[in-house]
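User: Hi! I'd like to walk through this structure with you before I head back to the bench. Could you take my questions one at a time?
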Amino acid sequence: MEALPEHTIAISGLKDGSHRFSYGLGPDFFQACGREDFLGGRAQVEVDLEKTNHLLVARIHVDGHVDMLCDRCNTPMEQAVTGDQRQIFKLTGEEESDDVELVNLDPDTAEINLTHYIYECISLHLPIRHVHAEGGCDPAVVAVLEKMQVNHEPDPRWAALKDLKQRSA
């Protein structure tokens, strides 16, 4: 995902201590993500940034929704997304670390862009399966799916094995 300029924080002039940044995400952000399943959305992002001499700790909180297609009926829906993520930026210029929440930066870095980390927070807090709430799916599609559903009788051998297991216990 490309870095959006509105998520850039100038850290060179930032004093040590806590700082809070707020961002409103709209359709432009979700289109810039480049994911086909993101049709749009709206979210509020709060970033608490703790700055010290050699360390930045960003706590990202996302609350909103992503517009996407329902996995059951393939009609548009709003998928709620709420979550938190911590990202640590170390200003030492060391080699890359195996720790996914640690990003090593050059000590002379003047600014950081949080677009990728905001996108990551949203993506990680979306459920794997996107479906409408009960009764929210397209009734015509649900009717077709119910017709095509196959109900199998359980294999009688399983019942015999279950009886055998209970006798031995």
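Analyst: Happy to. Keep in mind that this is a predicted model. Let's start with helix 4, residues 156-168, which has 13 residues and reaches 19 Å from its first C-alpha to its last. That is close to the 18 Å expected at 1.5 Å a residue.

User: Thanks! How many of the 13 residues of helix 4 are buried?
Analyst: The number is zero, so helix 4 lies largely in the open.

User: OK, on to the sheet. What order do the five strands have?
Analyst: The order is 2-3-4-5-6, in an open sheet with mixed pairing. Strand 2 (17-25) and strand 6 (102-105) are the edge strands, each pairing on one side only. From one strand to the next, the twist averages 20°.

User: And in which sense do strand 5 and strand 6 pair?
Analyst: Parallel, over four bridges, with strand 5 covering residues 76-91. As for who faces whom, Ile88 stands opposite Leu102 of strand 6, and Phe89 stands opposite Val103 of strand 6.

User: Which way do the residues of strand 6 point?
Analyst: Leu102 and Asn104 point one way, while Val103 and Leu105 point the other way. In a regular strand, side chains alternate between the two faces of the sheet.

User: Are those four buried or exposed?
Analyst: Leu102, Val103, Asn104 and Leu105 are all buried, whichever way they point from strand 6.

User: Switching topic: what is the phi of Asn74?
Analyst: Asn74 has a positive phi of about 65°, although it is not a glycine. Most residues other than glycine have a negative phi.

User: Where does Asn74 lie, and is it buried or exposed?
Analyst: Asn74 is in the loop between strand 4 (55-69) and strand 5. With a relative accessible area of 54%, Asn74 counts as exposed, because the cut-off for exposed is over 50%.

User: Last topic, pockets. What volume does the largest pocket have?
Analyst: About 150 Å³.

User: Which residues line the largest pocket?
Analyst: The lining is made up of Arg72, Glu134, Gly135, Gly136, Cys137, Pro139, Val142, Leu145 and Glu146.

User: How many of the lining residues are nonpolar, polar and charged?
Analyst: The lining of the largest pocket divides into four nonpolar, two polar and three charged residues.

User: Great, that's what I needed. Thanks!

Technical notes. Residues are numbered from 1 along each chain as its sequence is written. This is a predicted model: local features need pLDDT of at least 70, side-chain atom pairs count only at pLDDT 80 or more; totals for chains, interfaces and linings use all residues. Side-chain values use heavy atoms; hydrogens and water are left out. On a 1 Å grid over the protein atoms alone, a cavity is a set of points where a 1.4 Å probe fits but cannot get out, and a pocket is an open set with protein on both sides within 12 Å along at least five of seven lines; lining residues have an atom within 4 Å of a point. Grid points are joined across faces, edges and corners, and a volume is the space filled by probe spheres set on the points. Ala, Val, Leu, Ile, Met, Phe, Trp, Tyr, Cys and Pro count as nonpolar, Asp, Glu, Lys and Arg as charged, and the others, Gly among them, as polar. Helices (H or I, at least four residues) and strands (E, at least two) are DSSP runs, numbered from the N terminus. The expected span of a helix is 1.5 Å times one less than its number of residues. Buried means under 20% relative accessible area, exposed over 50%, partly exposed in between (1.4 Å probe, protein chains only). Two strands pair if DSSP finds at least two bridges between them. Axes are lines fitted to C-alpha atoms, for helices over the stretch in contact, and angles run from 0 to 180 degrees between N-to-C directions.
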